[in-house]
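Subject: Structure handover

Hi,

Here is the structure for you to load. My notes follow below it.

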Amino acid sequence: FGNNYNIVQGTWAANYDYSDQTDYDNSLLSSAGYIENTTSTDNDEIKWSNTILDSGTYTIKIVYVVNPDGGIAEILYGLSSIGKIDNYANSTLWNRTISFSYSLTNRTTADFRLKVTGKNTSSSNYKIRFSRLDISKTS
């Protein structure tokens, strides 16, 4: 996806202070680090506009950081939910990976979105940190 994203709500910025986040997309970040919602509020959102996907099945891979202040991120294509990621853990864990499968029957153009949709009851905040979003067609 790269850094061609639009901020829908909140403030999102690259953070390069943490070299432990080594699995990153170099079209999104210039070195080890992550993108985070510095406002840390519910409903913070970024999107990649007019993403075209042909009919078929896709794997969406996200590399992220979990932390005691982690929120819950929902991944959407248009209005369709692809899945949710709980970014909470009782200690910082780097380079966490999750993959979702998503299928389309027709070629579609929609916004690919990452939105904060709450927080774990144990979390102190709504923070989302990610360093890679990949989509690959699998069939």
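**Ser 40 and its surroundings**

Ser 40 touches three residues beyond its sequence neighbours up to four places away: Asn 125, Tyr 126 and Lys 127. Bear in mind that this is a predicted model. Ser 40 sits in the loop between S3 and strand S4 (45-53). Its relative accessibility is 9%. Buried means under 20%, so Ser 40 counts as buried.

**Strand S3**

The loop that holds Ser 40 leads back to S3. Which residues of S3 are buried on each side? Tyr 34 and Glu 36 are buried on one side, and Ile 35 and Asn 37 on the other. Both faces of S3 are thus covered. In a regular strand, side chains alternate between the two faces of the sheet.

S3 has two pairings to note. With S2 it pairs in the antiparallel sense, over 4 bridges. There, Trp 12 has Asn 37 in S3 as its bridge partner. With strand S10 (residues 129-137), S3 is joined by 2 bridges, again antiparallel. Here Glu 36 stands opposite Arg 129 in S10.

**The loop before S3**

Asp 17 is found in the loop between strand S2 (12-15) and strand S3 (34-37). Is Asp 17 buried or exposed? Its relative accessible area is 65%. The cut-off for exposed is over 50%, so Asp 17 is exposed. Asp 17 and Tyr 34 are 17 residues apart along the chain. Their C-alpha atoms are separated by 9.0 Å.

**The open sheet**

Next, the sheet. It is open and has 5 strands, in the order S1-S4-S9-S6-S7. The pairing is antiparallel. Strand S1 (6-9) and strand S7 (80-86) are the edge strands, and each pairs on one side only. From one strand to the next, the twist averages 30 degrees.

At the S7 edge, 6 bridges join S7 to strand S6 (residues 71-77), and the two run antiparallel. Tyr 77 stands opposite Ser 80 in S7.

At the other edge, Gln 9 lies in strand S1. Gln 9 is at 37% relative accessibility. That value falls between the 20% and 50% cut-offs, so Gln 9 counts as partly exposed. Leaving aside residues up to four places away in sequence, Gln 9 touches Asp 42, Asn 43, Asp 44 and Glu 45. Ala 32 is another matter. Gln 9 and Ala 32 are 23 residues apart in sequence. In space they are 25 Å apart, C-alpha to C-alpha.

Best wishes

Conventions:
Residues are numbered from 1 along each chain as its sequence is written. This is a predicted model: local features need pLDDT of at least 70, side-chain atom pairs count only at pLDDT 80 or more; totals for chains, interfaces and linings use all residues. Side-chain values use heavy atoms; hydrogens and water are left out. Two strands pair if DSSP finds at least two bridges between them. Axes are lines fitted to C-alpha atoms, for helices over the stretch in contact, and angles run from 0 to 180 degrees between N-to-C directions. Buried means under 20% relative accessible area, exposed over 50%, partly exposed in between (1.4 Å probe, protein chains only). Contact means heavy atoms within 4.5 Å.
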